Amino acid sequence: MSEVLQRIYASAPVNDIPIHTLELKAADLWELRICDGFDDQVAGIENGDMVTFKASGMGVSLPQRGVKGRQDLQFQIDNVSGEALALIDQAIDAGVKINVIYRVYVSSDLSEPAEPAVTMKAADVQATSQSINVVASFNDLVNKAWPNKRYTPSIAPGLKYFS
C-alpha cells in the first residue's frame, strides 16, 4: 500500500479520501469505467490518458493478502440505469471474457492511481435488474499453462511428424 493511502486510512482527513474505481472491458465490444461516490471523476490511467469514471453505487470486497494460488476480488454494482446489465449480457452472448481493472486514487491527486492497478478476469457474474455481482480473480495458478511458451510445429518445425 502506498504511503499516501496509509496516511489517509490512518488519519481519515475530511478533504482527502480514497476513490475506488473499476474498469470493465469485454475485448473490443465495450468498456465501462465506474467509481464509488456521487460525482463522476476524471482521472489518469497508466498510459497517461485522462478518462472519465461514472459515479456509481458500488461495493468492493478486497481479498486478504496471502499465498494462496488464487485470490478473488468481489464487487457489486447497483444497476440503476440498466446499462451495465445490457453490456454484461452482450459479452456473455458473444462468449467474450470480461477483464476487470481495479484502481485506487486519492481525491487530492487524480493524475495517476495511488497504487499499481490490479488486472483480473471475471470468474463469476450474477446479474439482476437491480444489481450486478462480480467475482474477479487474479493470480489463477490452477488454470495457468506451464511452460508458458508452447512448442508447436509453427515455431519448432522439427516437432512435426512426417509419414
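**Exercise 1. The cavity lining**

How do the residues of the lining of the largest cavity divide into nonpolar, polar and charged? Work from the predicted model.

*Solution.*
Step 1. Establish what there is to examine: the structure holds one cavity of 30 Å³ or more, and the space in the largest cavity comes to about 30 Å³.
Step 2. List the lining, which consists of Leu24, Trp30, Leu32, Ile77, Ala84, Leu87, Ile88 and Ile132.
Step 3. Assign the residues to classes. Eight are nonpolar, with no polar and no charged residues in the lining.

**Exercise 2. Elements around the cavity**

Determine which elements each supply at least two residues of the lining of the largest cavity, and which gives the most.

*Solution.*
Step 1. Place the lining residues on the secondary structure. At least two residues come from each of β2 (30–36) and α2 (83–94).
Step 2. Rank the contributions: α2 gives the most, with three residues.

**Exercise 3. The nonpolar cores**

Describe the largest nonpolar core and the elements that build it.

*Solution.*
Step 1. Count the members and find the residues with the most contacts inside the core. The largest nonpolar core has 24 residues, and the residues with the most contacts inside it are Leu22, Leu24, Trp30, Leu32, Phe75, Ile98 and Val100.
Step 2. Trace the core to its elements. At least two residues each are supplied by β1 (18–26), β2, β6 (71–78), α2, β7 (99–106), β8 (118–127) and β9 (131–138). With five residues, α2 gives the most to this core.
Step 3. Look for a further core. Another one, of eight residues, lies apart from the core just described; among its members are Cys35, Ile45, Phe53 and Leu110.
Step 4. Examine one residue from Step 1 in detail. Leaving aside residues up to four places away in sequence, Val100 touches Leu22, Glu23, Leu24, Phe75, Val118, Thr119, Met120, Ala122 and Ala136.

**Exercise 4. A hairpin**

Characterise the pairing of β3 with β4 and the hairpin of these strands.

*Solution.*
Step 1. Identify direction and bridges: β3 (residues 41–44) and β4 (residues 50–56) run antiparallel and are joined by four bridges.
Step 2. Find a facing pair. Opposite Gln41 stands Phe53 in β4, and Phe53 is also one of the eight residues of the other core.
Step 3. Inspect the connection. The hairpin has five residues between the strands, and Gly48 takes a positive phi near 95°.

**Exercise 5. The chain as a whole**

Summarise the order of elements, the burial and the contacts of the chain.

*Solution.*
Step 1. The chain has two helices and nine strands, in the order α-β-β-β-β-β-β-α-β-β-β.
Step 2. Of its 163 residues, 33% are buried.
Step 3. Among contacts with a separation of 6 or more, 51% involve residues 24 or more positions apart.

Conventions. Residues numbered from 1 in each chain as written. Predicted model: local features only at pLDDT ≥ 70, side-chain atom pairs only at ≥ 80, totals over all residues. Heavy atoms only, no water. 1 Å grid on protein atoms, 1.4 Å probe; cavity = no way out; pocket = protein on both sides within 12 Å on 5 of 7 lines; lining within 4 Å. Points joined across faces, edges and corners; volume = space filled by probe spheres on them. Nonpolar A, V, L, I, M, F, W, Y, C, P; charged D, E, K, R; others polar. Core = buried A, V, L, I, M, F, W, Y, C linked by side-chain atoms within 4.5 Å. Buried < 20%, exposed > 50% of the residue type's maximum accessible area, 1.4 Å probe, protein only. Contact = heavy atoms within 4.5 Å. Pairing = 2+ DSSP bridges.
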